[in-house]
Each structure stands twice: as C-alpha cells, then as structure tokens.
Amino acid sequence: KITDTAPAAIVMLRMADQVLLSANRAAAEIFGVDVGTMLGKPLPSYWQDREQRDLLLREVASGQGVRGMEAPLRSATGATIWAILSAQQTLWRGELVCVVSMADITGRKRIEQEVAAANARLHALSQRLLEAQEAERRSIARELHDEIGQSLTALKLHGAVLEKQIAGEPLRLLQDGMRLIDRTLEQVRD
C-alpha cells in the first residue's frame, strides 16, 4: 500500500460502524500494536474522549472534514497518546469511509503541561514574594513609626525642661521647635 511508506499515521474506518479497515505502519507504531491487530476493531477502542470522537465523526459526515484537531487517544497498553488529527470522508469500494491522518504530539503536550505547571508555580512564588515584601514594608513602617515617635517624645520632654530654664529669644526659638515637634508627632501618629 502507498500509505505504508507515509511518515504520518493513516487509518481508514467505515463510517457506518467506525470499524478500522486499513492502517499503515506509522499508525500501528503510535498505538503500539501491529497493523493486523488494529484492523476490524472499532475506532472507540482507541479514543479516550467520546465527545471529541463524536464531534470528529459528525464533522466528517457533514462533508466538512476535520483539520488539526488535538485529541487524547489510547495505546494498546492503555497509555494516553496525544495526536493531531485531520480527517475526511470519501467513497472507497462502494462504502463511505473516513480517512484519518495523525501525528503523535504526546511529547509536545507533556512539555505544554510542564510549562503550564511551571508558570503556575512561578505565579504562586511571585504572589508569595509580593506578600512578603508587603509584610516587610508594614514591619519597617511600624518600626520607624515607633522609633520616630519615641525620639520626638524624648525631644519634647527635653524641650519642656529647657523652657523652664531659659528666657527671651532662645525661649521663643525653643517654643517654635516644640510646636514643630508636636506637628511632626501628629503626622507620625496619623
């Protein structure tokens, strides 16, 4: 058969009952079986997602065909095989058949899943980093607030002692400084 030399996996199934009529070596390799084992089996035995299988068959039966559908399939061992499929209905020996070509994209899907998982971990780490930075900012702000407040209160107490000991212009300057300390303390408390 000409399809045996094709690098892409190609199968043909009867539209009436979805039984596999033909498969090339590349298809047998994807499913981990020999060609003879595949023939005569219904397509559903190789599909994991029934809704997706039914969608493919409806599209093919409508005459539109399918191009580039990604689907999880099942190997002979039960392992998941991701494939990208193209399918078209045609007439063969007086029967309506569906010719499906497929390429194994399991490796690509695994990498996509690994990238998605890595992105999720990165997002979670970024969130934790932002939360840690915000907590550190709050801690520093509280610490500065407390230290500045204590220092200003100490200055005010020293100024109150000095007010009782000086007079004249130095007293007026000291009182201006005390008012500045009071305003600054109010701002720190707010």
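How far apart are the mean positions of the 24 positive and 25 negative charges of the protein chain? To see, select Lys and Arg as the positive residues and Asp and Glu as the negative ones, leaving out His and the chain ends. Place each charge at NZ of Lys, CZ of Arg, CG of Asp or CD of Glu. The two mean positions turn out to be 5 Å apart.

A word on what is on your screen: this is a predicted model, where local features need pLDDT of at least 70 and side-chain atom pairs count only at pLDDT 80 or more, while totals for chains, interfaces and linings use all residues. Residues are numbered from 1 along each chain as its sequence is written, and side-chain values use heavy atoms, without hydrogens and water.

Next, switch to the cartoon view. You will find 5 helices and 5 strands, in the order β-β-α-α-α-β-β-β-α-α from the N terminus. These are DSSP runs numbered from the N terminus: helices are H or I with at least four residues, strands are E with at least two.

Now zoom out to the C-alpha trace, which spans about 120 × 30 × 25 Å along its principal axes.

Turn on the surface: the chain exposes about 12,300 Å², with carbon and sulfur atoms supplying 56% of it (Shrake-Rupley method, 1.4 Å probe; for residues, only the protein chains shown count as cover).

Last stop: select Gly36, in helix α2 (residues 35–38). Then add Ala23, 13 residues away along the chain; the C-alpha atoms of Gly36 and Ala23 are separated by 8.6 Å.
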